[in-house]
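This briefing walks through one protein chain, topic by topic, for a reader who is new to structures. Please keep the structure open beside the text and look up each element as it comes along.

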Amino acid sequence: MYRILVVDDERIEREGIKYLLAEDKEEKTVFEASDGRQALNILGKEEIDILLTDVKMPHMDGLELTRRAREKYPDLKIIIFSGYGDFSFAQEAIHYGVTDYILKPVDPEQFEKTMEKVERDIAGKWNQEKQKIREKDFLRQYFLQSYLYSGSEKILEKAGEVLDLNEWNKWHCAVMIETGTDFFDSAKDVLEEEIFKELRREFFYLNLNARQSVLLFCDMYCDYTLVANSIYLYLKREYEVKFHLAVSSKFEGYQKLPSVMEQLEQLMEEKFYHPDTHVFTGEEVEKAESGDVQDSRLMQKISEDVSRKDMPQLWNHFHCLARKYQENGQFSAMYIKFVFSNVIQELFSENCFGGEHKLEKEIERLYNCSNISQILEVTEENIKAYEAFLNRSMSESRDEVATVKNYIYENYREDLNLESLAEKVYLSSGYLSFIFKKETGMNLNRFIRVVRMEKAKEFLCTTNMKVAQVSEEVGFANVSYFCRSFREYYGSSPESYRKGMGDDEEHSEKI
């Protein structure tokens, strides 16, 4: 796409040029200015490929504009318009390096030919630049891969003759992606761009072979286990291929790259012993001191909080993550956005909360934040929306809670647990736990215990059943455990309670 600036003090003249430009089949963005000063201002803000300017204008004429534009932007293509009486001005403009000039009134055919010529010149230059970039990228790929596997100083010497090896010093962590198929033969052309869109962070992509690729990252202050997990989840979502990822330790200097490669390959061997693990890391786990918990650990806890619908713990872990980044200024803005975008994505992993389009909108809103306060505000808003969603869901789920309570009342003798009760009302165990606690004020296991203790008290007071029989009747297979639980609950043993010694200490809960 070409970016063109049209400069003329007559609006009707600008509209005529814009009309002629619109007739051209090439895509373009057109800017306009009414004099040279406005034009210089636009040139300073936008990357303009072609400047089309009249000669005679107030404030700053086309000649002065041409001179100044050429000094600041030597590669800019400049075309001037002039009438027959201004031909001397056009000749002077040639000394300032104009690309071409067109006489007024503008002949559409001549204008078309001039623009085609200029656009061909620009396209040719762009192609040359792309070719240089491709050649440099090929050389970087070639020498880097050779050095990774050999560690040869001779390779470095040859690479240094054509490349700036200082660029290699900016890398501080490597992530290897491996599959059991020839996946990278077909995906390598688009995979780099796809991963970049997912992570929104800079990396260098190196395809090693049909089954392996390496990503080299620049940011020193980053939890790359979290990054690798995000890459894995994306690949798992998009491709029906089994992936394993290995994360290197942090390193300084390109001289460490061969040893980093060895470490990645050793880590990748772990998949034979742990086939269900998909991310292997060489980074030592840091001590979970205040404000220094690894991001991947905190994200794992947040994921568990969302799964269990545990809002108090979710807020606790979010605030822990927030404090870490409010008190530490060494992390890049892009990495902080990446971390908290993971929090929002965890919230949207609940199928009924929001939708894909809304998730993309919220992630985009977060990445548009300009400081940590705005990032935390966007994340908090999403957590509050998620909490409100859970509260609404809970009010709609009282029937399920009542069903579970009635089942417990009638079947307290059975082996009751969260998973089996959740199946009976077609809810996830985490969600049932959440709504049950909200509705009754106690968790499900405690509710079961209260019901059993109340029934045990009833049997002890109204029947002659032995303690062992009472224990079995209320769902305890182990008599000793029943007696200990009864004493903890009522403050006296079952025998003492039956004799009336525990009446004063009774503290049964209303259920």
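A good place to begin is a pair of helices, for α10 passes α12 in a right-handed crossing. The contact between them draws on Asp295, Met299, Ile302, Ser303 and Val306 from α10, together with Tyr335, Val339, Asn342, Val343, Glu346 and Leu347 from α12. Sorted by class, the residues of this contact of α10 with α12 are seven nonpolar, two polar and two charged. The model is a predicted one, and the mean pLDDT of the protein chain is 85, with 90% of its residues at 70 or more.

**Confidence along the chain**

- Over residues 284–292 the pLDDT falls below 50, and this stretch has seven contacts in the model beyond near neighbours in sequence.
- Residues 502–510 also have a pLDDT below 50, and for that stretch the model shows 22 contacts beyond near neighbours in sequence.

**Helix α10 and its partners**

- Two packed helices are described by the angle between their axes and the distance between the axes.
- Helix α10, which covers residues 295–308, packs with helix α12, residues 333–347, at an angle of about 20°, and their axes are 9 Å apart.
- Because angles under 35 degrees count as roughly parallel, α10 is roughly parallel to α12.
- With helix α11, residues 311–326, α10 packs at an angle of about 155°, and here the axes are 9 Å apart.
- Since an angle over 145 degrees counts as roughly antiparallel, α10 is roughly antiparallel to α11.
- The crossing of α10 and α11 is left-handed.
- On the α10 side of that contact stand Asp295, Leu298, Met299, Lys301, Ile302, Asp305 and Val306, and they meet Gln313, Leu314, His317, Phe318, Cys320, Leu321, Lys324 and Tyr325 in α11.
- By class, the contact of α10 with α11 is made up of nine nonpolar, two polar and four charged residues.

**Helices α15 and α17**

- Helix α15, residues 398–410, packs with helix α17, residues 429–440, at an angle of about 85°, with the axes 10 Å apart.
- Because the range from 65 to 115 degrees counts as roughly perpendicular, α15 is roughly perpendicular to α17.
- Arg398, Val401, Val404 and Lys405 of α15 make the contact with Leu432, Ile435, Phe436, Glu439 and Thr440 of α17.
- In this contact of α15 with α17 there are five nonpolar, one polar and three charged residues.

**The parallel sheet**

- Strands of a sheet pair through backbone hydrogen bonds, either parallel or antiparallel.
- One open sheet has five strands in the order β2-β1-β3-β4-β5, and its pairing is parallel.
- The edges of this sheet are β2, residues 28–33, and β5, each of which pairs on one side only.
- From one strand to the next, the twist of this sheet averages 20°.
- Within the sheet, β3 pairs in the parallel sense with strand β4, residues 77–82, over five bridges, and Ile50 stands opposite Lys77 in β4.
- Helix α3 packs on the sheet and touches β1 (2–7), β3 and β4, while its direction makes about 160° with that of β3.

**The mixed sheet**

- A further open sheet has five strands in the order β7-β8-β6-β9-β10, and here the pairing is mixed.
- β7 (203–209) and β10 (279–281) stand at the edges with a single partner strand each, so one side of each is left without a neighbour in the sheet.
- The twist in this mixed sheet averages 20° from one strand to the next.
- Strand β9, residues 243–247, pairs with β10 in the parallel sense over three bridges, and Leu245 stands opposite Val279 in β10.
- Helix α8, residues 224–238, packs on this sheet, where it touches β6 (173–179), β8 (212–217), β9 and β10, and its direction makes about 165° with that of β9.

**Backbone details in two loops**

- Most residues other than glycine have a negative phi, and most peptide bonds are trans.
- The peptide bond from Lys104 to Pro105 is cis, with omega near -5°, and Pro105 lies in the loop between β5 (100–103) and α5 (108–150).
- His59 has a positive phi, near 70°, although this residue is not glycine.
- The place of His59 is the loop between β3 (50–54) and α3 (62–72).

How values were computed
Residues are numbered from 1 along each chain as its sequence is written. This is a predicted model: local features need pLDDT of at least 70, side-chain atom pairs count only at pLDDT 80 or more; totals for chains, interfaces and linings use all residues. Side-chain values use heavy atoms; hydrogens and water are left out. Two strands pair if DSSP finds at least two bridges between them. Helices (H or I, at least four residues) and strands (E, at least two) are DSSP runs, numbered from the N terminus. Axes are lines fitted to C-alpha atoms, for helices over the stretch in contact, and angles run from 0 to 180 degrees between N-to-C directions. Contact means heavy atoms within 4.5 Å. pLDDT is the predictor's confidence in each residue, from 0 to 100. A crossing is left-handed if the near helix is turned anticlockwise from the far one by less than a right angle, and right-handed if clockwise. Ala, Val, Leu, Ile, Met, Phe, Trp, Tyr, Cys and Pro count as nonpolar, Asp, Glu, Lys and Arg as charged, and the others, Gly among them, as polar.
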